[in-house]
Amino acid sequence: MPATVIVGLQWGDEGKGKTTDFLAEQVAMVVRYQGGDNAGHTVVRGDEVFKLHLVPSGVLYPHITSVIGSGVVVNPARLIDELEMLTSRGIDVRRVRVSRAAHAIMPYHVALDRSLESRLGDGRVGTTGRGIGPAYGDRAWRLGLRMEDLLEPPILRERLARALPEKNVLLAAHGLPAADVDALCDLAAGWGARLRDHIDDTTTLVQDALARGDHVLLEGAQGTLLDLDHGSYPYVTSSNPVAGGACTGGGIGPLQVDEVMGVMKAYATRVGAGPFPTELEDGVGEGIAERGHEYGTTTGRRRRVGWFDCVPLRHAVAVNSVSSIMLNKLDILSGVDPVRLCVGYTIDGRRVDGWPSSAASLARATPIYEEFAGWDEPIHAVRSIGGLPANARRYVTALEEHAGVAIVLLSVGPERSQTIERAWRPMRHRPSLPPAGERRASPARAAGPTTAGMGHA
Ligand code: GDP
Ligand code: IMO
Ligand code: MG
């Protein structure tokens with residue numbers, strides 16, 4: 001029962017949408033497991049560009065069941081818009097499923113997110129303003145509304161009547177208008193009526209698919225360095241983009257994951273505030289931003305650009321147990337000379353090779369660079385590693401050595417076909433369990449599949 005997790009290894013926008021779309025051709029189901037419409041995943045099919053925020057990036061294929069898992073926070077109005085946008089462009093959305101247990105982002109979450117950001121002033125996180133933090137906060141505080149609540153107006157009313165007095169204290173403190181139970185009940189029941197056919201028990205759907213032997217892809221949003229636990233807190237998002245989040249938010253167990261494909265691009269970007277040691281604030285950065293169209297898919301903000309940083313890469317490979325990598329946007333570095341690669345930091349006069357857990361330490365980090373000769377040739381049309389300029393190959397090899405994991409897919413343009421498949425092997429299959437009788441007879445054998453799984457045979 002193969003499941004592959006696709007996870008961002010940087011600060012988001014690594015090209016997870018392209019990676020998911022590329023791999024989705026081979027699978028039956030794609031599951032988004034965390035985040036919300038703060039994500040913006042771009043899929044390019046021929047000359048058509050799709051920007052997806054909530055619906056998984058496999059939706060363009062008619063054979064895919066697209067699942068929005070319980071770990072996602074769903075703004076129902078934005079989901080309805082997205083489904084309508086896809087339908088108007090000829091995409092069949094009948095197989096889009098939304099977890100009953102996913103939490104709904106309400107208008108007061110959006111208002112509080114934006115208000116808190118403006119009150120934080122220079123200390124702001126630079127959120128996408130989509131209500132993500134407040135919605136996850138209410139989930140943890142047990143004041144949230146789940147998608148299933150939208151289907152039953154009496155329960156919806158009860159939940160809102162329970163939450164709104166608390167919310168209204170906060171809204172008043174922010175100088176925001178109070179939320180009204182009747183008005184929100186009508187609004188949310190309307191969303192429920194519209195989404196009724198999509199709301200489902202997605203954990204059962206995912207487990208049934210795996211039990212049938214269907215291949216399931218789990219599509220992360222954001223990236224490891226924006227992870228609530230493993231990023232540079234507080235300059236992070238409010239969920240767990242790391243591969244472990246695919247288990248909690250997608251409804252699978254750790255041993256059901258066969259492969260973790262890390263997605264990264266040939267340089268770094270970051271949207272929003274927070275330390276970024278390799279940031280380029282010069283013409284080189286400008287050039288990369290322009291050629292790479294580094295403007296946020298969700299907010300339109302210009303992304304900050306920097307050299308690739310191997311310190312967080314090593315951290316990301318470890319915390320996600322990355323087993324293969326897709327490297328995107330190598331084409332954007334054509335014409336950059338030299339190309340720098342950060343391999344360690346100096347912090348307070350000392351060499352540091354590990355990712356500092358504190359944002360304050362990270363802010364004091366000075367990068368130590370290795371330098372690579374660049375290449376001038378455009379590489380959009382290259383379809384094999386051997387066809388790349390030698391200097392590009394050297395840079396890719398260095399990235400791979402620092403990661404300690406094979407780069408199996410390499411992308412040289414936004415379109416599906418602009419992908420180099422290198423050393424591609426079928427996604428791993430864990431050996432199946434011995435027959436039940438044998439397992440009972442010999443308890444030691446029961447550990448077999450676990451050991452095989454850990455060994456990544
Ligand atoms: P995601 O959030 O990780 O899915 O990434 P985004 O879609 O926000 O940003 C990646 C951008 O780069 C999108 O506009 C993609 O179409 C584009 N892209 C992906 N891979 C490549 C590539 O190899 N080369 C170029 N030039 N663009 C790419
Ligand atoms: P995809 O899936 C890049 C960033 C925001 C901000 C921080 C917190 O397209 O890679 P939030 O709105 O989540 O509370 O904001 O996280 N951020 C992203 N940056 N790509 C994303 O998604 C992001 N989603 C959130 O800019 O710094
Ligand atoms: Mg994005």
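Me: What makes the meeting of the side chains of Asp37 and Arg130 a salt bridge?

Reply: A salt bridge is a side-chain nitrogen of Lys or Arg within 4 Å of a carboxyl oxygen of Asp or Glu, and the N to O distance between Asp37 and Arg130 is 3.5 Å, so the pair satisfies that rule. This is a predicted model, in which local features need pLDDT of at least 70 and side-chain atom pairs count only at pLDDT 80 or more, whereas totals for chains, interfaces and linings use all residues. Residues are numbered from 1 along each chain as its sequence is written, chains are lettered from A and ligands numbered from 1 in the order in which they are written, and side-chain values use heavy atoms, with hydrogens and water left out.

Me: Why is Asp37 called buried, and what is Arg78 called?

Reply: Buried means under 20% relative accessible area, exposed over 50% and partly exposed in between (1.4 Å probe, protein chains only). Asp37, at 0%, therefore counts as buried, whereas Arg78, at 29%, counts as partly exposed. The side chains of these two residues also meet in a salt bridge, at 2.7 Å from N to O.

Me: How do you know that Asp13 and Gly40 are donors of the magnesium ion (ligand 3)?

Reply: Donors are N, O and S atoms within 2.8 Å of the metal (3.2 Å for Na, K and Ca), and since water is not among the atoms, sites may look incomplete. Asp13 (OD) and Gly40 (O) lie 2.0 to 2.2 Å from the magnesium ion, so both qualify. Gly40 is buried, with a relative accessible area of 11%, while Asp13 also belongs to a network of salt bridges with Lys265, Glu294, Arg303 and Lys329.
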